Amino acid sequence: RIDSVGLQYHSFFPREQESERAEARYNPTRVWRLLDSYEELGQPLQITEMTIPAYSNDPEDEEVQASLLTDLYRMFFAQKNMEAIIYWNVPDGYAAFAPQGDMSAGENVFAGGLLRYDLSEKPAWRALRHLIREEWHTHVEGMASDGTMGFRGFFGEYRVRVTTDEGVTEHTIS
């Protein structure tokens, strides 16, 4: 039985090949077509491992990483059957096939973390936090008229707090 389809999205290619490989790898039309082809399976989709390289701690390189991450996460999140996106290398310097902190070996050479080795935030971390906590977070306050209030939110469960003259109650709605 197949419960879901997992896809890895590591962009582990040398910087010298970046422009050649990125043209296909980050092309929105190509990414959409690929995801749509998996969507046809009718199963939940998961990006089970994802790494986008920065290649260095140069501010411009880190901004490019953040921009790519933002665009890709938006495309992944927009897929109807997407249920999980897992970013793989959270801090730089802890990736596979290299001694801890050795940025010249293994997957560390890609500087693909969301945080630097000292755990300070990279622009990619802030971009992902913005998507999750602000852009994709539904927070609504308002007054109900005639006992009803509507809002537009993302698919899922919501905790609703209702305050009336009789007190405060909390409810879960879908």
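**Overall form and nonpolar core of a predicted chain**

A compact globule of 174 residues would show a radius of gyration near 16 Å, whereas this chain has 20 Å. I should state at once that the model is predicted. Along its principal axes, the box filled by the C-alpha atoms is roughly 65 × 40 × 30 Å.

Let me turn to the secondary structure. The chain contains 4 helices and 5 strands. Read from the N terminus, their order is β-α-α-β-α-β-α-β-β. Among contacts with a separation of 6 or more, 56% join residues that are 24 or more positions apart.

Next, the surface. About 11,500 Å² of the chain is exposed, and 50% of that area is supplied by carbon and sulfur atoms. Buried residues make up 32% of the 174. As to charge, there are 29 negative and 16 positive side chains, and the centres of these two sets are 2 Å apart.

I come now to the interior. The largest nonpolar core has 29 residues, and the members touching the most others are Tyr9, Met50, Ile52, Leu69, Leu72 and Phe76. Two or more residues are given to this core by each of β1 (5-10), α2 (28-39), β2 (45-51), α3 (59-78), β3 (82-87) and α4 (123-135). Which element provides the largest share of this core? That is α3, with 7 residues.

Leu72 serves as a closing example. Which residues does Leu72 contact, if neighbours within four places in sequence are left aside? They are Tyr9, Tyr26, Val31, Met50 and Ile52. Of these, Tyr9, Met50 and Ile52 are also among the core members that touch the most others.

Terms used. Residues numbered from 1 in each chain as written. Predicted model: local features only at pLDDT ≥ 70, side-chain atom pairs only at ≥ 80, totals over all residues. Heavy atoms only, no water. Rg over C-alpha atoms; globule rule 2.2 N^0.38 Å. Buried < 20%, exposed > 50% of the residue type's maximum accessible area, 1.4 Å probe, protein only. Contact = heavy atoms within 4.5 Å. Areas by Shrake-Rupley, 256 points an atom, 1.4 Å probe, with all protein chains shown as cover. Lys, Arg positive; Asp, Glu negative; His and termini not counted. Charge placed at Lys NZ, Arg CZ, Asp CG, Glu CD. Core = buried A, V, L, I, M, F, W, Y, C linked by side-chain atoms within 4.5 Å.
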